[in-house]
Amino acid sequence: MADLQPTSVPAQRLDLPLVRQWLAEALQTDIEWTGPVGHPDGLAVTYPTHLQQLRIQDRLPLPLVVLETTFCAFPRRRRDVLPLLAQANSQIERGRWFLQRDPPRLTYAMELPAPHLDRERLVREWQRFCNEAVVFGIELTLRTRAVTWLEVLRTGKGSAQPG
Amino acid sequence: MATVIRTSTPDHDCACEAIDLSSPVSDACWRALRGWLQGLQLPFEPTLSEDAGLVGYSIALRNSLIGIGLTERPTGPVLTLTAVLCRGMDRETAALGAVDRANRQLALGQLLYVPGPPAELTLHAAVALDLLDGESFALLFEAMLGELNNVGFPAVMAVGGYHPTDYAAPWGDPMRAPIDDDPDDIVQDLQALAPRSGCGAAQGDRCSSQTDLGCGCSDTLHAGPAAVADPGQDPQAATASGPPDEAEGRAAHSRRRR
């Protein structure tokens, strides 16, 4: 295995069109814009299991690329949600699972320092995030008896259930 | 045979000696990390393990001990930053909720709840090493400290956490905890913790504030936003100068911190 070193890629200012181009070339799939029409603030790729999103965040001293997916929603075993999220967080090395409200949904997010991202590294981290999301997301969906977020988006199923 | 490497710089006189032991991560990566740590101008010490050799370095700050390490992963070395925020907590039943709220707010890393005893809250961040250089490492470290103050310590306050190196010292100790005392955060935490009615405060105590948090007693948790006044203000001075409700609230807040 190559002995990877700290970065030698020069720092650059990332923007969404460039990132979209990288992902489109590497994934050979449709990359969607997210956010208001005319003012996109992120990208999204739809997988069979989940919708994986990307945005660029400048809130911290270090610019970050944030990968995020809302995997499932409307967990019926509500009391199990927080213990299972804590368990998932203790098992993953990077990123975090957390519960969002209105509607209740389980989200996984991970950030990458933006200055030295290049196409190869972005795609590597994107795939890694995707694998983690699927592995833990499916387990969390089943164990909390939730509905996948894609199903919620597609059918509205679950939205009528009490939160 | 271990090799001792001087990591101190002439203008940075501290006991920063790193011991070069066997590690799955290459020497070049450790050298780079040592250089970045020197750039922070903070004293750091090696962390050694009998099994794994050199596992990282630690930086002791006023309010936390931050571990910085490198681990080898199939995709390459990963830099990890870990800060133990508290060991032991008064309200462990609130831990899962506080951790989840923190993880929702965090922009970097994750807050972990490690069941005890003693139960711990740990802020953990990991980044692929090849995404960093000296400048971005320093920014990452700064961002980590910001998240620690803005998100991590409100969670510690919410669970009544204890100082990680002294189980007998609650984080509320003003001499020990230079935490981010953002009144808004604390009010939110207190609102989340306050019971709906009744608090078991000592008989004869009276509620210090008729706010939406007030319940007719002087339990600190029910003292209302007025209780979360300027933490640096002397309670007695506040009693002397401020309106009665506000001054009593400040005193209550000060009691809670002690």
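## Exercises on a sheet and a core

In this predicted model, B:Ala60 has B:Leu65, a residue of strand E5 of chain B, as its bridge partner.

**Exercise 1.** Determine how many bridges join strand E4 to strand E5 in chain B, and in which sense the two strands run.

*Solution.* Begin with the residue ranges, which are 53-60 for E4 and 65-73 for E5 of chain B. Between these two strands there are five bridges, and the strands run antiparallel.

**Exercise 2.** Establish the strand order of the open sheet in chain B, and explain why one side of E3 and of E7 is left without a neighbour in the sheet.

*Solution.* First, write the order of the six strands, E3-E4-E5-E6-E8-E7, with antiparallel pairing. Next, consider the edges, where E3 (45-49) and E7 (110-114) of chain B each have a single partner strand, so one side of each has no neighbour in the sheet. Finally, add the twist, which averages 30 degrees from one strand to the next.

**Exercise 3.** Identify the strands of chain B across which helices H1 and H3 of that chain lie.

*Solution.* Helix H1 (residues 27-40) of chain B lies across E4, E5 and E6 (76-87), and runs at about 10 degrees to E4. Helix H3 of chain B lies across E4, E5, E6, E7 and E8 (120-128), running at about 30 degrees to E6.

**Exercise 4.** Find which residues touch the most other members of the largest nonpolar core, and which helix gives the core its largest share.

*Solution.* Of the 90 residues in this core, the ones sought are A:Leu54, A:Trp97, B:Leu33, B:Ile68 and B:Leu79. The largest share, twelve residues, comes from helix H3 (residues 134-159) of chain B.

Methods:
Residues numbered from 1 in each chain as written. Chains lettered and ligands numbered in written order. Predicted model: local features only at pLDDT ≥ 70, side-chain atom pairs only at ≥ 80, totals over all residues. Heavy atoms only, no water. Core = buried A, V, L, I, M, F, W, Y, C linked by side-chain atoms within 4.5 Å. Buried < 20%, exposed > 50% of the residue type's maximum accessible area, 1.4 Å probe, protein only. Helix = DSSP H or I, 4+ residues; strand = E, 2+ residues; numbered from the N terminus. Pairing = 2+ DSSP bridges. Axes fitted to C-alpha atoms, helices over the stretch in contact; angles between N-to-C directions. Contact = heavy atoms within 4.5 Å.
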